[in-house]
Amino acid sequence: MALSALTGQHKLKSILAEEARSRHAGTYIIAGAAGMGRHSFAEEFAKALMCEDPGEDGACGKCKCCNYFEGGTTPDIVRIDAPSDGKSIPVSDIREKVVSDSVIKPQFSRTKVFIINIDHVAEAGQNALLKSIEEPPANVAFILLSSLSGNVLDTVMSRSAILKISRYTEDEIYEILKSHDAPGDENDLRTICAYCGGNPGRAISMTADDSFISLSNDVTDLLLGLGSDSYTDILTDGSRFFADNKSESDMVIEIIYKVLGDILMYSTYPDREAATENASKIRKFALENRHINSIAIGRCKNAVTDYVKAMSVNANYDGACCALMIKIHEEFKK
Ligand SMILES: [Zn+2]
């Protein structure tokens, strides 16, 4: 396997290949949420850094370092992952398996590589790591994995090259789902691609759960019907729908936000193809309701933001849901 075997992320892949070819060592943070493929990119990057003759596609796959790597027998890579109990990686692990080991030269490979899930290293562990990062031994590279959600110390960040994994396109996610033999017909898979937030790991877990497809259909129907619903419908049927799906409320809101965006997209680009049944429904709705323009959609999105703010301060759920539906109703009604 080489970098090209990983889907998408063309810019990131060319940076990784270039870093490996220019024989850099140092500290890198591969940044992205869980599910974005951090481990896969870290492994391919490590292999390229260790390889004797890396090319534009990363590791050569032929040299002895690559053979050892692929056989899982190289002693020159150390992986420190999150403990399965969800606790932090002990500072003793960082001292013994990383700091002490990093001064020992690689046995076979060009570079010795440490892959560390830094999000699970507490402050004491990160401080212990700092000295190794500040004065990196020759032939050593540290690849840190992080979602960059605020738990990496500034002192670690400032000494690292930050390589971000960007959102995948829907087509790329579809390709990844197919390569994982994800269950579901094309319509279902395409729907998931549209709603997974550009995150293939999330898409894969969504395919394992049938409830998402029916939820996305139901939310779309509810939203598109709001303009013609009466206040009574909203306060009874709409309210009941939100109550029944309270445990999925984050996903419901995400679907609403995405459908609002799609309405605007189809009203702006009526010829844009609709890849799923849901998308066809939204497209038809947008074309029949040309009064719902960008200003109206902007106000609906503000209503979603108001709902999210209300929930963050523990406002009454039912009240916040009704307020949201009524604001959308006002914009959608003819
Ligand atoms: Zn090689």
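This text walks through a predicted model, from its domains to its zinc site, cores and salt bridges.

Start with the overall layout. The domain assignment divides the chain into domain 1 (3-164) and domain 2 (210-332). Taken over C-alpha atoms, the centres of domain 1 and domain 2 are 42 Å apart.

Next, the metal. A zinc ion is held by four cysteine sulfurs: the SG atoms of Cys51, Cys60, Cys63 and Cys66, at 2.3 Å. Along the chain, these donors follow the spacing C-x8-C-x2-C-x2-C. What is the geometry around the zinc ion? The 4 donor atoms subtend angles of 102 to 118°, so the arrangement is tetrahedral. For comparison, the ideal angle for four tetrahedral donors is 109.5 degrees. The ligands can also be looked at by their accessibility. Cys66 has a relative accessibility of 1% and counts as buried. Cys60 is partly exposed, because its relative accessible area is 25% and the buried class ends at 20%.

Now turn to the nonpolar interior. In soluble globular proteins, nonpolar side chains tend to be buried together. Here the largest nonpolar core has 84 residues. Within this core, the residues with the most contacts are Ile143, Phe242, Ile256, Ile263 and Phe332. Helix H12 (residues 249-268) gives the core its largest share, 9 residues. Where does the core sit relative to the domains? Domain 1 (3-164) and domain 2 (210-332) both contribute residues, so the core lies between them.

Phe242 offers a closer view. Leaving aside residues up to four places away in sequence, Phe242 touches Leu222, Val252, Ile256, Tyr317, Cys321 and Met325. Ile256 thus appears in the contact list of Phe242, and Ile256 is also named among the core residues with the most contacts. A further core, of 21 residues, lies apart from the largest one. Val78, Ile116, Ala128 and Ile133 are among its members.

Helix H12 deserves another look. Gly261 is found in this helix. Is Gly261 buried or partly exposed? Its relative accessibility is 23%, so Gly261 counts as partly exposed. Gly201 is 60 residues away from Gly261 along the chain, and the C-alpha atoms of the two are separated by 23 Å.

Helix H12 also carries a charged pair. The side chains of Lys258 and Asp262 form a salt bridge, 3.1 Å from N to O. Lys258 and Asp262 are 4 residues apart in helix H12, so about one helical turn separates them. The accessibility classes of the two partners can be given side by side. Lys258 is partly exposed, with a relative accessible area of 23%. Asp262 is buried, with a relative accessible area of 13%.

That pair is one entry in a longer list. Side chains of opposite charge can pair when their charged atoms come close. The count for this model comes to 19 salt bridges. One of them joins Arg79 and Glu43, at 2.7 Å from N to O. Arg79 lies in strand E2 (residues 77-80) and Glu43 in helix H2 (residues 38-50), so this pair ties together parts that are 36 residues apart in sequence. Arg79 is partly exposed at 47% relative accessibility. Glu43 is partly exposed at 22%.

A second link runs from Arg159 to Glu134, whose closest N and O atoms are 3.1 Å apart. Which parts of the chain does this pair connect? Arg159 sits in the loop between helix H6 (154-157) and strand E5 (161-164), while Glu134 belongs to helix H5 (residues 123-134). The two are 25 residues apart, and the pair links distant parts of the chain. Arg159 is partly exposed, with a relative accessible area of 34%. Glu134 is partly exposed too, at 38% relative accessibility. Elsewhere, Asp171, Glu186 and Arg190 are linked in a network of salt bridges.

Finish in helix H5, where Ser132 is found. Ser132 counts as buried, at 7% relative accessibility. What does Ser132 touch? Not counting residues up to four places away in sequence, Ser132 is in contact with Val99, Ser102, Pro137 and Phe142.

Technical notes:
Residues numbered from 1 in each chain as written. Predicted model: local features only at pLDDT ≥ 70, side-chain atom pairs only at ≥ 80, totals over all residues. Heavy atoms only, no water. Donors = N, O, S within 2.8 Å, 3.2 Å for Na, K, Ca; no water. Tetrahedral: all angles 85-135°; square planar, octahedral: opposite > 155°, others 65-115°. Buried < 20%, exposed > 50% of the residue type's maximum accessible area, 1.4 Å probe, protein only. Core = buried A, V, L, I, M, F, W, Y, C linked by side-chain atoms within 4.5 Å. Domains from an automatic or database assignment. Contact = heavy atoms within 4.5 Å. Salt bridge = Lys/Arg side-chain N within 4 Å of Asp/Glu carboxyl O.
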